[in-house]
Amino acid sequence: MSKTHYCILSIILLIVLSACHSLWTAQTQPASQQDSILILPTLDIPLPNTDFAFLFPEEPKLNKQTSPRKQITENFSSREKNDIAVTDPLLMAEENTMLIDLGLIQKEDYAFPLPGAKVISLYAGRRKHHSGVDLKTHAHDTIISAFDGIVRLAKPYYAYGNVIVVRHYNGLETVYSHNSKNLVKPGDYVKAGQPIALTGRTGRATTEHLHFEVRVNGQHFNPNLVFDLQERKLNNQCLIITKKGNKIAVKPVELMPHQHEGDYSYSPATNKN
Ligand SMILES: [Zn+2]
């Protein structure tokens, strides 16, 4: 047999073998797989629209920005113990966006800092640069911590007078200023509703009141995003906090009930002294 004949014969043999193999494979396929092959052409037929997503409002994309209990330390640096506007090295260190879901904070885990108080001056206000909200009841009334946390600063501080800054597990800091007396010191663990100071008019204050600030990563923002100042309770909304360079943007969003579960959660403080 010539070399050419041998080649042709080999090719024919290969074709026959390959055909036999295909036939054998098709016969030994499980029935379901054969069915799935059979229904493939029907995919071209338009199906009725079974996507009901259009019935629901678009959800904010919150899946990755969670609001668990933030890590805080009682070993504050000298700057943290002496300055009000300081960044938190443990906060937003890896991500530029953080989520604080106020709707997940239980009733016992927050308190209005001066119960029964009236608002006498709003954030920004007429002076535009007002860094907090002024709350008034009567002289030497008891100021309480808004959330669980650790006292970061407690001392006289320029125009603030006697002031207290508490760093909270939810990522916020709260500031209580013009106090006649501070009742806690840096490193103290405080619970929501725990007395921390008495109202006064120390520093630059024309009347007895509490100047109350809310801050995140050192930057103050409108306390009315956190508290309903008229009802003196927490707002049922979520704050999306975004770091843009040195600035922090705080955007409130309403969540639907099912969004309070699942990918993120708030853990109230535990394991404290
Ligand atoms: Zn003020």
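In which sense do β15 and strand β16 (residues 247-253) pair, and over how many bridges? I began with this question in the predicted model, and found that the two strands pair in the antiparallel sense over seven bridges.

**Entry: the hairpin.** I followed the chain through the turn and noted that β15 and β16 form a hairpin with two residues between them. Glycine 245 sits in that turn, and I recorded for glycine 245 a positive phi of about 65°. Looking across the pair, I found threonine 242 standing opposite alanine 249 in β16.

**Entry: the zinc site.** I then looked up which protein atoms serve as donors to the zinc ion, and these are NE2 of His130, OD of Asp134 and ND1 of His211, lying 2.0 to 2.1 Å from the ion. Written along the sequence, the spacing of these donor residues is H-x3-D-x76-H. I checked the accessibility of two of the donors: histidine 130 has a relative accessible area of 7% and is therefore buried, under the 20% cut-off, and aspartate 134, with a relative accessible area of 7%, is buried as well.

**Entry: the nonpolar cores.** I asked myself which residues touch the most other members of the largest nonpolar core. In this set of 38 residues they are Phe147, Ile164, Tyr176, Phe212, Val226 and Phe227. I listed the strands that each supply at least two residues of this core, and they are β1 (97-101), β3 (133-136), β5 (149-156), β6 (162-168), β10 (195-198), β11 (210-216) and β15 (238-244). The strand that gives the most to this core is β11, with four residues. I also noted a second, separate core of seven residues, with Ile84, Leu153, Tyr157 and Val165 among them.

**Entry: aromatic pairs.** My count of aromatic pairs comes to seven. One of them joins tyrosine 157 and tyrosine 160 edge-to-face, with 5.9 Å centre to centre and 70° between the planes. Both rings belong to buried residues, since tyrosine 157 has 15% relative accessibility and tyrosine 160 has a relative accessible area of 16%. I next took the pair of tyrosine 176 and phenylalanine 212, whose ring centres are 5.5 Å apart and whose planes stand at 50°, so that I entered the pair as tilted. Because tyrosine 176 lies in strand β7 (residues 173-179) and phenylalanine 212 in strand β11, this pair ties together parts that are 36 residues apart in sequence. Tyrosine 176 is buried at 0% relative accessibility, and phenylalanine 212 is buried at 1%. Ring pairs link both residues with Tyr110, Phe112, Phe147 and Phe227 into a cluster.

**Entry: serine 78.** I located serine 78 in helix α3 (residues 78-82) and found that serine 78 is exposed, with a relative accessible area of 54%. I also looked up the separation of serine 78 from leucine 153, and the two are 75 residues apart in sequence and 9.8 Å apart in space, C-alpha to C-alpha.

**Entry: confidence.** Last, I looked at the pLDDT, which averages 81 over the chain, with 69% of the residues scoring at least 70. Over residues 30-34 the pLDDT is below 50, and this stretch has two contacts in the model beyond near neighbours in sequence. Over residues 61-67 the pLDDT is also below 50, but here I noted 19 contacts beyond near neighbours in sequence. My reminder for this entry is that predicted coordinates should not be read in detail where pLDDT is low.

Technical notes:
Residues are numbered from 1 along each chain as its sequence is written. This is a predicted model: local features need pLDDT of at least 70, side-chain atom pairs count only at pLDDT 80 or more; totals for chains, interfaces and linings use all residues. Side-chain values use heavy atoms; hydrogens and water are left out. Donors are N, O and S atoms within 2.8 Å of the metal (3.2 Å for Na, K and Ca); water is not among the atoms, so sites may look incomplete. Buried means under 20% relative accessible area, exposed over 50%, partly exposed in between (1.4 Å probe, protein chains only). A nonpolar core is a set of buried Ala, Val, Leu, Ile, Met, Phe, Trp, Tyr and Cys residues joined through side-chain atoms within 4.5 Å. pLDDT is the predictor's confidence in each residue, from 0 to 100. Contact means heavy atoms within 4.5 Å. Rings of Phe, Tyr and Trp (its six-membered ring) pair if their centres lie within 6.5 Å; planes under 30 degrees apart count as stacked, over 60 as edge-to-face and the rest as tilted. Two strands pair if DSSP finds at least two bridges between them.
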